[in-house]
Amino acid sequence: MKRNRAWAWIIFILGAAYFLLPLFATIQFSLSIRRGTLSFDAYANVLESPEFQQTLVYSLLIGVAAIVVGLLLVVPAAYFVRLRAPQLRPVIEFVTLLPLIIPPIILVFGYIRMYNSSSILPLTNSGLGTNVLLTLAYVALALPYMYRAVDTGLRTIDVQTLTEAANILGANTVTILARVIFPNIIVAVLSGAFLTLAIVIGEFTVASLLNRPAFGVYMQNVGANRAFEPAALAVISFIITWAAMGMIQLLARFAPRTAVLTD
Amino acid sequence: MSSNTDTVVPNSAAPASAGAASSRGLSTPLAGVRWADILGVAPFLVFAVLFLIIPTLYLVVSAFFDRNGGFTLQNLLDLGTPQILNSFWISIRVSVASAVFGCLAGLLIALAIIRGRLPAGIRSTVMTFSGVASNFAGIPLAFAFIATLGRLGLMTVLFRTLLGFDIYRAGFNLLSFWGLTITYCYFQIPLMILIIAPAIDGLRREWTEAAATLGATPYQFWRFVGLPILWPNLLGTLSLLFANAFGAIATAYALTGSSLNIVPILLYAQIRGDVLNNPGLGAALALGMIVITALANVVYLVIRTRAERWLK
């Protein structure tokens, strides 16, 4: 079986080369802003620029807002579908697949046409309205991932028994959702949240077409005007993505399980 | 889902109204659903209607109207101009190429890490990395490839100084069909690995052993057992990767500005400044994109439901 391992090694090494070389090249490029010597000046230029800080904070805020709105929409829906209205499941699942079918550029094009200044709900009229629209667009983009994360979380706990126990103790539906169900699926919720953040933080298309000062738009501007700073930005955003995904892996170890496992 | 229903307390022990309705198998979707339940699902559905369905339908419908609000098919006919046809053609070629290549490379890597008897840690490392890389798209990805294969990129310079081979003089250009395809593979291959790994896990060891006992060579095993089982998954993922590449814009935009006229970039320019001088034509362009990605996704969904039978 020696031969058998050789092909696997060859493929693995070729794959590793394809994926690691660009990372290595980017790091190397980001360090070579001074001729003949390695320096972190490109990073310093990026990190010290006020636009970097402002746009990153802006995108983080919009991301957090999208996570909160997304959870307020998804958790009750997933809970009721699982507990009392399984007939609605196909409808909900179809809806959560829509953002995968409709490209973001189409979605934002539709928003611009529907919610422009001459429409019934003129969201693009004010800065606040456009921020709301951007947040809702991100909720839509993250919907498939958020729904799947929450639904997976609900599957690992015994929703029915928890609900009945809380009912007997006199809790109403809002209390049950906020103080019984939510804490039990917090790990799943957080992994959905981090995935949302990873998708949203560097998003360019929607933010750019809505003229918002987001991190993705800033990165595009730097890319068009600078040589070495874009590489530094690429490294920084790779680290952000890695951190978000790493958090998900880490969280998976702490998932509580109250459902009796039958397998 | 199934693991839950087994553990549910019998309905007789439940509070009178809760849970009982759903088990009676009523005919219409909403019968037996309580008001509180509808209130719980309603915000989600209202959001979906207002911010997913209506905006998309609005575009689809406005593709059929002219500036004065009259019904017309002219917008769709205008998609036939050389510029637009050309952009659809480039988009489809890049999407097909990156999907096919991503599919093949992803399959090989997944096979190598799952069935190639590599050291234990490699599999989980590759899967984690795939999760990161499949989300590492957009603007930063373009920057990474400019630093790698751009005119001053590391690989370009290495090829030139070490091998005396100038890839740009040989006809390569990062801002071209091939450049874009190679770049897109950076998120296509990991996505393929993530999707196909469970399917490869589903190929049971017993099947390999049974085939080997019957005297099958590895080639015969893959030709008559392995690939036929993976086939629906491969086709399904192929269409998913196609749609994934077809709708992507940020990477291409940061890479090429507007020099490479793929459909999303043309649409982007149209939204920004009505470069086609006709709002209806923009909507028709959007309709074209929706039809193509929807077709690809329908193929994926249909094939996936059929493929799941084998992987229980």
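**Exercise 1. Burial and fold of chain A**

What share of the 263 residues in chain A is buried? Describe the chain's secondary structure and extent as well.

*Solution.* This is a predicted model.
- Step 1: start with burial. A residue counts as buried if 20 or more other C-beta atoms lie within 10 Å of its own. In chain A, 48% of the 263 residues are buried.
- Step 2: list the elements. Chain A has 12 helices and 0 strands. Read along the sequence, the pattern is α-α-α-α-α-α-α-α-α-α-α-α.
- Step 3: take the extent. Along the principal axes, the C-alpha atoms of chain A fill a box of roughly 75 × 70 × 30 Å.
- Step 4: look at the contacts with a separation of 6 or more. In chain A, 75% of them join residues 24 or more positions apart.

**Exercise 2. The fold of chain B**

Find how many helices and strands chain B has, and what percentage of its residues is buried.

*Solution.*
- Step 1: count the elements. Chain B holds 13 helices and 0 strands. From the N terminus on, they run α-α-α-α-α-α-α-α-α-α-α-α-α.
- Step 2: take burial. Of the 312 residues of chain B, 42% count as buried.
- Step 3: sort the contacts with a separation of 6 or more. Residues 24 or more positions apart make up 73% of them in chain B.

**Exercise 3. Confidence**

Where is confidence lowest in chain B, and where is it highest? Assess chain A and the overall scores too.

*Solution.*
- Step 1: begin with chain B. Its average pLDDT is 82, and 87% of the residues score at least 70.
- Step 2: find the extremes. Helix H1 (residues 2–5) of chain B has the lowest mean, 38. Helix H4 (residues 82–115) of chain B has the highest, 93.
- Step 3: mark the weak stretch. Over residues 1–27 of chain B, pLDDT stays under 50. The model has 39 contacts beyond four places in sequence for this stretch.
- Step 4: turn to chain A. Its mean pLDDT is 88, and 95% of its residues reach 70 or more. Among its elements, helix H4 (residues 89–101) of chain A has the lowest mean, 86. Helix H10 (residues 205–209) of chain A has the highest, 94.
- Step 5: add the global scores. The model has ipTM 0.86 and pTM 0.85.

**Exercise 4. The interface**

How many residues of chain A contact how many of chain B? Name the element of chain A that gives the most.

*Solution.*
- Step 1: count both sides. 77 residues of chain A are in contact with 74 residues of chain B.
- Step 2: find the main contributor on chain A. Helix H1 (residues 2–31) of chain A gives the most to the side that touches chain B, with 14 residues.
- Step 3: sort that side by class. It has 51 nonpolar, 19 polar and 7 charged residues.

**Exercise 5. Two helix pairs in chain B**

Classify the packing of H6(B) with H7(B), then of H8(B) with H10(B).

*Solution.*
- Step 1: note what to read off. Two packed helices are described by the angle between their axes and the distance between the axes.
- Step 2: take the pair H6(B), residues 139–149, and H7(B), residues 154–163. The angle is about 10 degrees and the axes are 3 Å apart. Angles under 35 degrees count as roughly parallel, so H6(B) is roughly parallel to H7(B).
- Step 3: name the contact. Ala147(B), Thr148(B) and Leu149(B) in H6(B) meet Leu154(B), Met155(B) and Thr156(B) in H7(B). By class, this contact has 4 nonpolar, 2 polar and no charged residues.
- Step 4: take the pair H8(B), residues 177–202, and H10(B), residues 218–247. The angle is about 150 degrees, with the axes 10 Å apart. Angles over 145 count as roughly antiparallel, so that is the class of H8(B) and H10(B).
- Step 5: add handedness. The crossing of H8(B) and H10(B) is right-handed.
- Step 6: look at the contact. Among its residues are Leu191(B) and Ile195(B) of H8(B), and Leu230(B) and Leu241(B) of H10(B). The contact of H8(B) with H10(B) has 9 nonpolar, 4 polar and no charged residues.

**Exercise 6. Positive phi**

Which loop holds Asn211(A), and which holds Arg117(B)? Compare their phi values with the general pattern.

*Solution.*
- Step 1: recall the pattern. Most residues other than glycine have a negative phi.
- Step 2: take Asn211(A). Its phi is near 55 degrees, a positive value. Asn211(A) lies in the loop between H10 and helix H11 (215–225) of chain A. It has 13 C-beta neighbours inside 10 Å, so Asn211(A) counts as partly exposed.
- Step 3: take Arg117(B). Its phi is also positive, near 55 degrees. Arg117(B) sits in the loop between H4 and helix H5 (120–135) of chain B. With 12 other C-beta atoms within 10 Å, Arg117(B) is exposed.

Technical notes:
Residues numbered from 1 in each chain as written. Chains lettered and ligands numbered in written order. Predicted model: local features only at pLDDT ≥ 70, side-chain atom pairs only at ≥ 80, totals over all residues. Contact = placed C-beta atoms within 7 Å. Helix = DSSP H or I, 4+ residues; strand = E, 2+ residues; numbered from the N terminus. Nonpolar A, V, L, I, M, F, W, Y, C, P; charged D, E, K, R; others polar. pLDDT = per-residue confidence, 0-100. Axes fitted to C-alpha atoms, helices over the stretch in contact; angles between N-to-C directions. Parallel < 35°, antiparallel > 145°, perpendicular 65-115°, else oblique. Left-handed = near helix turned anticlockwise from the far one by under 90°.
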